[in-house]
Amino acid sequence: MAGAPPVIIWEREVESLLHYKELIPRLEEALGKFSSRDSAEVIQPVRSTVPLQKHNGFLGLMPTYMENDGVLSTKLVCFYNRGAGSTLPSVSATVLLLDPESGHMKAVMDGEVITSMRTAGASAISAKLLMRPGAEVLAILGTGQQALSHYNAFTEMLSFKEVRVWNHRREGAEKFCRSVGGPVTVCGSVEEAVRGADVIVTVTRSTEPVLCGRWVKPGAHVAAVGACRPDWRELDDSLMKEAVVYADSREGAMAESGDVILSGVEVFAELGDVINGIKPAYREKTTVFKSLGMGVEDAVAANLVYKQWKAKAYKL
Ligand SMILES: NC(=O)C1=CN([C@@H]2O[C@H](COP(=O)(O)OP(=O)(O)OC[C@H]3O[C@@H](n4cnc5c(N)ncnc54)[C@H](O)[C@@H]3O)[C@@H](O)[C@H]2O)C=CC1
Ligand SMILES: O=C([O-])C1=[NH+]CCC1
């Protein structure tokens with residue numbers, strides 16, 4: 001017999017219920033649980049992906065089960081490499097939260113805010129763990145959705161004296177500056193943006209390297225978020241070979257990251273290995289965190305949204 005119908009929690013409401021201060025500690029815990037490879041903690045296969053050739057995109061299916069926490073979810077995410085003229089978003093997502101015992105659907109949620117915030121949250125964790133102490137300059141390459149969430153997460157959770165942005169279309173960077181709260185410098189080239197930067201975030205839709213190792217200060221930390229297909233790149237070979245490479249999921253990076261696969265480098269550790277104290281954080285070296293995005297990040301974010309929604313609905 002079917003249970004109660006699922007609640008529907010859409011974009012504005014997700015936005016009002018999800019906050020980095022609550023999300024980031026849960027993400028950190030989840031990354032650690034994922035890397036423990038304990039099936040009672042997290043079961044999360046590498047996402048299966050269906051090409052949407054006609055639309056230059058992909059549908060990714062991202063199921064996750066956290067038995068000990070009683071959380072079962074799946075995200076359906078479509079991501080596209082849109083042409084310059086398109087007004088449609090590059091990422092469109094829905095998260096389904098289920099009761100693991102009955103299989104009934106508890107909630108259907110907008111997944112775009114969740115995707116933006118959990119991705120930026122994971123990158124902020126990578127910077128907290130891997131950037132040099134006293135980091136002052138943040139450079140963001142790309143000025144779309146992920147750039148905005150990364151700006152918000154990094155300025156809220158960490159502290160920088162200077163934020164620089166670059167976009168392949170200058171008007172995009174200028175619009176970004178007008179839309180954020182604090183001071184940001186628009187740079188005319190990638191080199192200008194990243195020279196001397198302590199932390200660099202790459203959040204572009206590029207399929208070719210945009211960031212070259214020769215411009216990157218030794219000891220800088222790079223959170224590489226775009227290029228989530230095996231033949232897409234954001235970082236050049238010299239940077240990949242110079243850096244100690246961390247990833248959210250080793251299997252994910254080896255299956256999906258063009259920067260890892262095509263440069264031929266090894267993933268040194270998962271972020272969760274560092275969180276679990278299994279692998280060191282080489283803060284003094286140049287480090288790359290290759291983010292592909294994981295279902296477990298969506299699961300904890302969606303579970304948090306659902307709990308907050310229930311607390312609000314029932315005034316708990
Ligand atoms: N690692 C993860 O968990 C996630 C990764 N992504 C990926 O992150 C990237 C950014 O996503 P969004 O911010 O949502 O996209 P968006 O479309 O909102 O922003 C993309 C930015 O890249 C710029 N861009 C487009 N073509 C470019 C090119 N050839 N060279 C340099 N810059 C270019 C655009 O002007 C824009 O500033 C995408 O590749 C997306 O697939 C998105 C969600 C999660
Ligand atoms: O994890 C995620 O949701 C995505 N990774 C690449 C595009 C969307």
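**Notebook: helices, strands and two ligand shells**

I began at A120, which touches Q146, S149, H150, N152 and A153 once residues up to four places away in sequence are left out of the count. I note at the outset that this is a predicted model. A120 lies in helix α3, and I wanted to know why A120 counts as buried. The reason is that A120 has 31 C-beta neighbours inside 10 Å, where 20 or more are needed. I also looked up the separation of A120 and H150, which are 30 residues apart in sequence but 4.7 Å apart in space, taken from C-alpha to C-alpha.

Next I turned to α4, and I checked its length. Its 13 residues should span 18 Å at 1.5 Å a residue, and because its end C-alpha atoms are 18 Å apart, the expected span and the model agree. Within α4 I found Q146, A147, S149, H150, Y151, A153 and F154 to be buried. I then asked what covers the buried residues of α4. The cover includes the helices α2 (20-35), α3 and α5 (170-179), together with the strands β7 (137-141), β8 (162-166) and β10.

I went on to ligand 1, around which I find 26 residues, with S90, G144, Q146, S206 and G293 coming nearest. The elements that give two or more residues to this shell are α3 (112-130) and α4 (145-157), and α4 gives the most, with three residues. By kind, the shell around ligand 1 divides into 16 polar, eight nonpolar and two charged residues.

For ligand 2, I listed V77, F79, V91, T115, C228, L292 and G293 as the surrounding residues. That shell divides into five nonpolar and two polar residues, with no charged ones. I noted that G293 is named in this list and is also among the residues that come nearest to ligand 1.

I then looked up the largest nonpolar core, which has 95 residues, and in which L141 and I200 have the most contacts. Its largest share, nine residues, comes from α3. As background, I recalled that nonpolar side chains tend to be buried together in soluble globular proteins. Leaving aside neighbours within four places in sequence, I200 is in contact with A139, L141, V194, L211, V216, A220 and V222.

V222 led me to strand β11 (residues 221-224), where H221 and A223 point one way, V222 and A224 point the other way, and all are buried. The general expectation I had in mind is that side chains in a regular strand alternate between the two faces of the sheet. Strand β10 (residues 199-202) runs parallel to β11 and is joined to it by four bridges, with T202 standing opposite A224. β11 also pairs in the parallel sense with strand β14 (residues 287-290), again over four bridges, and here V222 stands opposite V288.

Last, I examined strand β2 (residues 48-52), asking how many of its five residues are buried. The count is zero, and the strand is hardly covered. β2 is nevertheless paired, since five bridges join it to strand β3 (residues 57-66) in the antiparallel sense, and P51 stands opposite F58 in β3. The hairpin of β2 and β3 has four residues between the strands, and I recorded that N56 takes a positive phi near 55° there.

How values were computed:
Residues are numbered from 1 along each chain as its sequence is written. Chains are lettered from A and ligands numbered from 1 in the order in which they are written. This is a predicted model: local features need pLDDT of at least 70, side-chain atom pairs count only at pLDDT 80 or more; totals for chains, interfaces and linings use all residues. A residue is near a molecule or strand if its C-beta atom, placed from the backbone, lies within 6 Å of it. Ala, Val, Leu, Ile, Met, Phe, Trp, Tyr, Cys and Pro count as nonpolar, Asp, Glu, Lys and Arg as charged, and the others, Gly among them, as polar. A nonpolar core is a set of buried Ala, Val, Leu, Ile, Met, Phe, Trp, Tyr and Cys residues joined through C-beta atoms within 7 Å. A residue is buried if 20 or more other C-beta atoms lie within 10 Å of its own, exposed if 12 or fewer, and partly exposed in between; C-beta atoms are placed from the backbone. Two residues are in contact if their C-beta atoms, placed from the backbone, lie within 7 Å. Two strands pair if DSSP finds at least two bridges between them. The expected span of a helix is 1.5 Å times one less than its number of residues.
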